[in-house]
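Hi,

Here is the structure I said I would pass on. Have a look at it first, and my notes follow below.

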Amino acid sequence: MEGDVIKRYRNEWKYICDEGELACLDKRLAAVLEKDRYSEEKGSYEIHSLYFDDYQDTCARENEAGVASRFKYRIRYYGTHLDTLHLECKEKLNGRCHKESCPLTPEMYEAIIEGRTEELFWATDLLLLRRFCVDCMTRLFRPKVIIDYERVAYVEPVSNVRITLDQYITAAAGIDSFLTGGYLRYPVLDRGFHVLEAKFDHILPGYIRNMISDGKLVQTAFSKYYIGRAKLKSMGRGIL
């Protein structure tokens with residue numbers, strides 16, 4: 001059991017940082033690490049995620065309660081590139097994370113949004129998508145919130161380390177416009193604050209740890225999904 005956890009799950013450390021701290025970290029990381037494969041000419045890219053939850057909002061409530069073993073589904077794409085559309089299931093076990101992913105076509109996406117998951121179940125061989133369809137049919141998983149943000153990501157391939165700087169995180173309720181944009185977005189953090197994440201398998205190399213843990217940043221639990229749901233509730237745009 002322990003071997004399976006170590007092999008499958010990754011550490012994910014999160015920090016809230018202000019504008020100045022983020023700019024300083026960006027310069028430090030750029031000097032020693034390379035950008036990830038999604039980075040475009042300007043060095044950053046937009047991420048659009050549509051999160052799902054069941055009829056009891058189990059994913060949100062388990063996140064709030066800090067349940068050790070939990071999961072959530074989301075559909076994601078990058079920038080305006082719909083060819084990157086995919087379904088993800090993100091699991092958490094005792095503070096470590098594991099992510100499964102499979103590609104989606106716009107037609108598959110429409111079937112999900114229109115509630116035709118039984119039809120989609122029989123039409124696909126993708127195991128993650130079939131599992132998601134079953135949860136949609138039995139637990140009534142439905143889209144709840146759109147989370148958008150701009151990401152700068154650095155990687156260290158040898159140690160399989162990924163450091164991401166996520167800026168301008170927003171929540172939106174415009175589910176019908178997820179693929180086209182144009183929906184109203186609400187910032188989920190106070191102005192000038194952003195999120196740093198460090199993702200790694202076993203050990204974070206000391207030189208990277210020193211760059212992101214200089215005594216000013218404090219590790220914290222932060223769920224974009226949960227805080228996005230809470231923001232919509234505070235704006236009268238959702239129930240949690």
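How many residues does helix α2 have, and how far does the helix reach from its first C-alpha to its last? Keep in mind that this is a predicted model. Helix α2 runs over residues 19-32, so to speak a stretch of 14 residues, and spans 21 Å between its end C-alphas. At 1.5 Å a residue you would expect 20 Å, and the value is close to that.

Next, the sides of the helix. Leu 22, Leu 25 and Leu 29 are buried in α2. These leucines sit on the same side of α2, because they cover an arc of only 65 degrees around the axis. Turn to the face pointing away from that buried side and you find Lys 27 and Ala 31, which are exposed.

What covers the buried residues of α2? The cover includes three of the strands you might click on, among them β1 (10-18), β7 (142-156) and β8 (161-172). Strand β10 (193-200) and helix α7 (206-212) are also included.

Now the start of the helix. A side-chain oxygen of Asp 18 comes to within 3.1 Å of the backbone nitrogen of Gly 20 there. Asp 18 also stands opposite Phe 193 in β10.

That leads to the pairing of β1. Strands β1 and β10 run antiparallel and are joined by 8 bridges. With β6 (residues 96-103), β1 also pairs in the antiparallel sense, over 2 bridges. Arg 10 has Cys 97 as its bridge partner in β6.

Cheers

Conventions:
Residues numbered from 1 in each chain as written. Predicted model: local features only at pLDDT ≥ 70, side-chain atom pairs only at ≥ 80, totals over all residues. Heavy atoms only, no water. Helix = DSSP H or I, 4+ residues; strand = E, 2+ residues; numbered from the N terminus. Expected span 1.5 Å × (residues − 1). Buried < 20%, exposed > 50% of the residue type's maximum accessible area, 1.4 Å probe, protein only. Arc of directions from axis to C-beta. Contact = heavy atoms within 4.5 Å. Polar contact = N/O pair within 3.5 Å; in protein donor to acceptor, adjacent residues only side chain to side chain. Pairing = 2+ DSSP bridges.
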